[in-house]
Amino acid sequence: MTAIGQLARTIYTQRGFPMFTVADAPTLDTKTKRRRSKTISRRTAMTLALAAPLSVHSAQASSEADGDAALADIIQRTKEQADAFMSGDMKRWMGLIRLADDFTLMQPFGGPASHGFDDSPEHLAELAAYFRNGGGTLEVEKSYVSDDMIVLVMIERQHGEVGGLPDQEWSLRVTQVYRRNGQVWQLAHRHADPLVNKISLEQAAALARG
């Protein structure tokens with residue numbers, strides 16, 4: 001420090017003024033930066049804390065909207081499938097349905113569950129000859145929706161000529177399980193029975209005896 005600088009320091013100190021040197025300046029800047037950094041960190045934390053619930057809510061709303069859209073599409077397609085099947089239009093039916101590789105069917109005529117589906121032209125032709133001149137629609141009793149699974153509990157209100165019999169009512173109680181595979185919803189399970197109308201104990205016992 002020069003003589004003039006030393007003199008100035010002595011005067012300032014004697015009169016009670018604080019004296020800072022250039023070397024002291026970085027220390028003040030560092031403290032200031034630290035205070036500002038803490039303030040910014042607090043503001044950032046508060047912003048994230050306020051934004052987090054909004055992000056979760058937005059994601060949940062989006063997921064629910066996707067589930068509702070998938071459910072509406074599946075119900076509409078299932079209605080059209082029932083109508084196509086009972087009319088014997090298996091080409092249209094195959095264009096509407098998406099079956100899982102491990103699809104299981106518990107059919108209304110009883111017997112053990114079947115696994116998979118034979119979509120060969122020969123089998124589709126047999127089905128077209130067996131189910132004829134009918135139609136159908138749905139009454140959805142209940143639906144269950146999750147990210148990867150949809151369940152429909154419904155009544156298929158339908159009629160047609162089945163197996164050479166005259167046109168009659170063939171309404172069924174049906175539960176169908178759909179599973180998402182990538183972006184495609186596939187039918188994984190179908191359980192149907194013809195007990196839409198209530199039957200007596202004796203009738204149920206006769207059916208149980210086989």
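Arg179 is partly exposed, at a relative accessible area of 30%; that label covers the range between buried, under 20% relative accessible area, and exposed, over 50% (1.4 Å probe, protein chains only). Before going on, a word on the ground rules: this is a predicted model, where local features need pLDDT of at least 70, side-chain atom pairs count only at pLDDT 80 or more, and totals for chains, interfaces and linings use all residues. Numbering runs from 1 along each chain as its sequence is written, and side-chain values use heavy atoms, with hydrogens and water left out.

Back to Arg179. What does the side chain of Arg179 meet in a salt bridge? The partner is Asp102, at 2.8 Å from N to O; a salt bridge here is a side-chain nitrogen of Lys or Arg within 4 Å of a carboxyl oxygen of Asp or Glu. Arg179 lies in strand β6 and Asp102 in strand β1 (residues 99–106), so the pair ties together parts that are 77 residues apart in sequence. Asp102 is partly exposed too, with 45% relative accessible area.

Strand β6 turns up again in the next pair. The side chains of Asp148 and Arg180 meet in a salt bridge of 3.0 Å, N to O. This pair also links distant parts of the chain, with Asp148 in the loop between β3 (131–145) and β4, Arg180 in strand β6, and their positions 32 residues apart. Asp148 is partly exposed at 41%, and Arg180 is partly exposed at 35%.

A further salt bridge brings the side chains of Asp193 and Arg173 together at 3.0 Å, N to O. Asp193 sits in strand β7 and Arg173 in strand β6, 20 residues apart, so to speak another link between distant parts of the chain. Is Asp193 buried or exposed? Asp193 counts as buried, with a relative accessible area of 19%, while Arg173 is partly exposed at 38%. Elsewhere, Asp83, Asp89 and Arg92 are joined into one network by salt bridges that share partners. A search of the whole structure finds 7 salt bridges.

Asp193 also leads us to Ser171. Leaving aside neighbours within four places in sequence, Ser171 is in contact (heavy atoms within 4.5 Å) with Glu156, Arg157, Gln158, Asp193, Pro194 and Val196. You'll find Ser171 in the loop between β5 (168–169) and β6 (172–181), and it is buried, with a relative accessible area of 8%. The Ser171 side chain makes a polar contact with the side chain of Glu169 at 2.3 Å. By polar contact I mean a pair of N or O atoms within 3.5 Å; within protein, one must be able to donate a hydrogen and the other to accept it, and residues adjacent in sequence count only if both atoms are side-chain atoms. The side chain of Ser171 also reaches the backbone nitrogen of Gln158, at 3.3 Å.

Where is His159 relative to Ser171? The two are 12 residues apart in sequence and 6.8 Å apart in space, C-alpha to C-alpha. His159 belongs to strand β4 (residues 149–162) and is partly exposed, with a relative accessible area of 33%. Its side chain shares a polar contact of 3.0 Å with the side chain of Asp167. Beyond four places in sequence, the residues in contact with His159 are Met86, Asn133, Gly134, Gly135, Asp167, Gln168, Glu169 and Trp170.

Now for the nonpolar side of things. Leu195, Ile199 and Leu207 make a nonpolar surface patch of about 240 Å². Patches are built from residues with over 30% relative accessible area and no salt bridge, with like charges joined within 9 Å and nonpolar side chains (Val, Leu, Ile, Met, Phe, Trp, Tyr) within 5 Å. Ile199 lies in the loop between β7 (184–193) and α5 (201–209), and counts as partly exposed at 30% relative accessibility.

Finally, the whole chain. It has 5 helices and 7 strands, taken as DSSP runs (helices H or I, at least four residues; strands E, at least two) numbered from the N terminus. Read along the sequence, the pattern is α-α-α-β-β-α-β-β-β-β-β-α. Buried residues make up 24% of the chain's 210 residues. Among the contacts with a separation of 6 or more, 50% come from residues 24 or more positions apart. The accessible surface is about 14,600 Å², and 57% of that belongs to carbon and sulfur atoms; the areas come from the Shrake-Rupley method with a 1.4 Å probe, and for residues only the protein chains shown count as cover.
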